[in-house]
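Me: Please give a close account of the interior of this predicted model, beginning with the largest cavity. Which residues line the largest cavity?

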Amino acid sequence: MQRVCVYCGSNPGRGEEYRALARAMGTAIAARGLRLVYGGASVGLMGELADAALAGGAEVTGIIPGVVAEREIAHSGLTELVPVASMHERKTLMAERADAFVAMPGGLGTLEELFEILTWAQLGIHDKPVGLLNGLGYYDRLIAFLDHCLAEELVRPPHRALLKVARDPETLLDQLAAAGAAPDTSPD
Ligand code: AMP
């Protein structure tokens, strides 16, 4: 695993703790010598994440569509800023340019990105690991809902198992590196 794509909020979240979590993820990515791939914004948790990764010496690729570059203010200090024409192109390129995916606390856009990349894994479009950073227990109810989907037999066990979950960046990155090194070969 050399490149990690991180999805996270364009808002900063309530209080300081979410920002600290985003910085911890950026710092952990840099400390492992990984490249960060993300949405290219300078605002919210996305900006905190990128700033911390850059401060730690990581190379950072931002992928941002013209339509959102103004609203989310494209980060001007990245190693590489790739302008794209649409949200679909952004997500496709983010997926191509990464070896693993992490969703951090975020809003509707983050949820959409997480579930798209998970469903692409479910369909076998890619076999890269996907992780959920459940810092501050932000995703507790989502995890409980996924277990409900499993219990109701609308999500199958191997597909529920596609999502790795941890409360801190180091543990999650360890899990993703291990999953990437030994892809799940269980039948679906
Ligand atoms: P949010 O989690 O809503 O703060 O958004 C996080 C990131 O997801 C931002 O860069 C948004 O531009 C992006 N985003 C919002 N809606 C979508 C969508 N439908 N597909 C992909 N990305 C999105």
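Reply: In this predicted model, the lining of the largest cavity is formed by Tyr7, Lys91, Ala95, Glu113, Glu116, Ile117 and Trp120. Two elements, helix 4 (87-96) and helix 5 (108-122), give two or more residues each to this lining. Helix 5 makes the greatest contribution, with four residues. Sorted by class, the lining comprises four nonpolar and three charged residues, and no polar ones. The space in the largest cavity amounts to about 40 Å³. Across the whole structure, the search finds one cavity of 30 Å³ or more.

The nonpolar cores complete the account of the interior. In soluble globular proteins, nonpolar side chains tend to be buried together. The largest nonpolar core here has 30 residues, of which Met25, Leu49, Val102 and Met104 touch the most other members. At least two residues of this core come from each of strand 1 (3-7), helix 1 (17-31), strand 2 (35-38), helix 2 (44-55), strand 5 (100-103) and helix 8 (169-181). Helix 1 supplies the largest share, seven residues. Another core, of 22 residues, lies apart from the largest one and includes Cys5, Phe101, Ile117 and Ile143. Ile117 thus appears both in this second core and in the lining of the largest cavity.

Val102 merits separate mention. Leaving aside residues up to four places away in sequence, Val102 touches Val4, Cys5, Val6, Tyr7, Met25, Gly131, Leu133, Leu172 and Leu176. Among these contacts of Val102 is Tyr7, a residue that also lines the largest cavity.

Conventions: Residues numbered from 1 in each chain as written. Predicted model: local features only at pLDDT ≥ 70, side-chain atom pairs only at ≥ 80, totals over all residues. Heavy atoms only, no water. 1 Å grid on protein atoms, 1.4 Å probe; cavity = no way out; pocket = protein on both sides within 12 Å on 5 of 7 lines; lining within 4 Å. Points joined across faces, edges and corners; volume = space filled by probe spheres on them. Nonpolar A, V, L, I, M, F, W, Y, C, P; charged D, E, K, R; others polar. Core = buried A, V, L, I, M, F, W, Y, C linked by side-chain atoms within 4.5 Å. Buried < 20%, exposed > 50% of the residue type's maximum accessible area, 1.4 Å probe, protein only. Contact = heavy atoms within 4.5 Å.
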